[in-house]
Protein chains: 2
Amino acid sequence: MADELFAVRWVGADEEGGPAVRLLDQTALPGRSEVLDCADVATLAEAIRSLRVRGAPALGVAGAYGVVLGALVDGDADKAAAFLSAQRPTAVNLSWACRLVAAAGADVDAQLAEARRIDAANSAACTAMGRHGADWLRERCGGGPLRLQTHCNTGMLACQGIGTAFGVAHTVHDDGRLAQLWVDETRPLLQGARLTAFEAATLGMPHAVVPDAAAAALMSAGDVDAVVVGADRIAANGDTANKIGTLTLAVVAARYGVPFLVVAPVSTIDFATSTGADIEIEERDPDEVRTALGALRLAPDSSPAHNPAFDVTPAELITAIVTELGVVEPPYATGIAGLR
Amino acid sequence: MADELFAVRWVGADEEGGPAVRLLDQTALPGRSEVLDCADVATLAEAIRSLRVRGAPALGVAGAYGVVLGALVDGDADKAAAFLSAQRPTAVNLSWACRLVAAAGADVDAQLAEARRIDAANSAACTAMGRHGADWLRERCGGGPLRLQTHCNTGMLACQGIGTAFGVAHTVHDDGRLAQLWVDETRPLLQGARLTAFEAATLGMPHAVVPDAAAAALMSAGDVDAVVVGADRIAANGDTANKIGTLTLAVVAARYGVPFLVVAPVSTIDFATSTGADIEIEERDPDEVRTALGALRLAPDSSPAHNPAFDVTPAELITAIVTELGVVEPPYATGIAGLR
């Protein structure tokens, strides 16, 4: 089953359907598991624009292979890199990976090798984070079965590789120690219910979807051994911006003495941002809150809604930050500077 | 506009459409504001069973007038009382009110007077709670504008009268002091987004719907002056069972020093239950979490879901309990015993 779970794959010219960039269409999940083979750059561009593939690392890999596809099909890697980057202008990983591959030389073989290197480096970072996190948990919580709680989607679908926070749960599961993964549904866009639950089910991990606000009920009952979350941006002092709801989870974890782990690659650390107070929070479309996925109206049209994309968890609520280079504990300023 | 908002009304034989029990059909909200006149007991019974009217106090009033309707239309108050009570066997208020009205005498006028008395007593209790709560907030937070946060639906639609926690916000609004009401959407059944937002919009109260997990983002930013919630059951020591998510909100409020008020009539206090540890939590249908209102699938069919109906907030997280008889502050054991 695990082999069926992926975000992006390269299908070579010598393979059936190749050359193509193969995606698992995330807009069809969890209802349908549809594979989409993009045989030209325009099809891949549409898929990126429509969020059929999403998540910073996965977008980088999709872009990387997309540039190779452009070189093979249209004979123009630079044009493909510019066109694909323009589909999600704020996705830094996408333009970064496209640029690297296009600059790898005029030779398509060299470009494909560079794309494969980006893909492999990404996976290796996830695997390392998973291992570091699982080992830290063994040291902190002992060698028995673990009940973890997570928020949003940080697995294979977002990250390629096994993921960040989800990758830790995945590694604990591979170690035979995962007793339960509590999956926050993650309103408003429900990435937990839709995507993380799908990944956990596909991988055969013991799990259950919970309403976000059930966190205190679970933790006060002693049903959570540790919380693992990803990060959108980590400041130099350890303050962490992540999906809305992360701070609420951290506050509840602190009250009930549950370790709270942030899991993210070193590239997530913004050394130029000294504290979380300098991180601006994007306000998203209120209709995301007034509806369920745009498909079902929940609140009156006339009711305003507040829809911050992220919140900032202060370093004091974070027990440890897990990166591919190792685990950093407080005081974070020192530990984070050491990763630079 | 405010006059349009109601849960239940008696329409006399001399009025157009009467005799009937008039309901605002809550299953159509917030999309449509539909008035349903139940001219016979069977129609009202269906409405109660289908949750067109819901909330303990509102059910009591609906049952009370329903017994009068049965006496008028079928000449049998006792039969109506038994039949209506059986529609929601666990709704204690419903059977209590039906019994009172049926026992008020064979005279329909006496029965109607008893039903009107129950309705008026209910409204008066709500009005008193609203006043006590608003006055307490003035004393605690000062006379300036207030930003309140609430959970679930505790207003007119649930309570008849102005409501419990919502009634406090309503009273603060009538006093011209409500700057904002943050309405938790209240997953999984979204009573906040659907019903509380509808009431706030109808009453012209400044408000915004927020995802439940945004609580810490709001409170850490200093955007909430006090939290007001209702209660399903209050133990003798002040521990309070209420809609899932209440405890999470209380934990967050405690961390950020935001006063946390429980607002409920004295009838909610279970003097025989000494602490919250004795309150059993009902586990509801997992499909409520896996879907949005049964209409839109969110999580995979194969994913388990955890759906506790309530959580229990310990007394130490509650700043005050507001009843129709006044406000009780810690130590609760003493204050609550005084309400007996």
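Visitor: Before we count anything, what makes a salt bridge here, and how many are there over all chains?
Guide: A salt bridge is a side-chain nitrogen of Lys or Arg within 4 Å of a carboxyl oxygen of Asp or Glu. Keep in mind that we're looking at a predicted model. Going by that rule, the count over all chains is 32 salt bridges.

Visitor: How many salt bridges are there between chain B and chain A?
Guide: Let's start with the wider set of polar links. Between chain B and chain A there are 16 residue pairs in polar contact, both residues being at pLDDT 80 or more. As for salt bridges between chain B and chain A, the count is four.

Visitor: Which residue of chain B does Glu316(A) pair with in a salt bridge?
Guide: Start with where the partners sit: Glu316(A) is in the loop between strand S14 (310-313) and strand S15 (320-323) of chain A, while its partner is in helix H10 of chain B, so the pair joins two chains. The closest N and O atoms are 3.1 Å apart, and the partner is Arg255(B).

Visitor: Is Glu316(A) buried or exposed?
Guide: The cut-off for exposed is over 50% relative accessible area. Arg255(B), on the other side of the bridge, has 39% and counts as partly exposed. Glu316(A) has 64% relative accessibility, so the label is exposed.

Visitor: Which helix supplies the largest share of the side of chain B that touches chain A?
Guide: Several elements of chain B each supply at least two residues to that side: helix H8 (191-202), strand S6 (207-210), helix H9 (215-220) and helix H10 (246-255). The largest share is six residues, and it comes from H10(B).

Visitor: How many nonpolar residues does the side of chain B that touches chain A have?
Guide: The contact takes 49 residues from chain B and 49 residues from chain A. Sorted by class, the chain B side has seven charged residues and seven polar ones, and the nonpolar count is 35.

Visitor: What area do chain B and chain A bury between them, and which three residues of chain B supply more of its buried area than any other three?
Guide: Chain B and chain A bury about 3,700 Å² between them, with 71% of it on carbon and sulfur atoms. On the chain B side, 15% of the area buried against chain A comes from the top three, namely Ala213(B), Leu298(B) and His306(B).

Visitor: What relation superposes chain B on chain A?
Guide: You turn chain B by 180°, with 0.0 Å of shift along the axis, and it superposes on chain A with an RMSD of 0.0 Å. That is the relation of a two-fold axis.

Visitor: Which residue of chain B comes closest to the rotation axis?
Guide: The copies meet through the same surface, because 100% of the interface residues of chain B are also interface residues in chain A. The closest C-alpha of chain B is 3.0 Å from the axis, and it belongs to Ala213(B).

Visitor: Which two Glu residues form salt bridges with Arg284(B), and which of them is buried?
Guide: Arg284(B) is partly exposed, at 30% relative accessibility. One bridge, at 3.5 Å from N to O, goes to Glu282(B), which is partly exposed at 40%. The other goes to Glu288(B), with the closest N and O atoms 2.6 Å apart. Since buried means under 20%, the 15% relative accessible area picks out the buried one as Glu288(B).

How values were computed:
Residues numbered from 1 in each chain as written. Chains lettered and ligands numbered in written order. Predicted model: local features only at pLDDT ≥ 70, side-chain atom pairs only at ≥ 80, totals over all residues. Heavy atoms only, no water. Contact = heavy atoms within 4.5 Å. Buried area = accessible area lost by both parts, 1.4 Å probe. Polar contact = N/O pair within 3.5 Å; in protein donor to acceptor, adjacent residues only side chain to side chain. Helix = DSSP H or I, 4+ residues; strand = E, 2+ residues; numbered from the N terminus. Nonpolar A, V, L, I, M, F, W, Y, C, P; charged D, E, K, R; others polar. Least-squares fit on C-alpha atoms with pLDDT ≥ 70 in both. Buried < 20%, exposed > 50% of the residue type's maximum accessible area, 1.4 Å probe, protein only.
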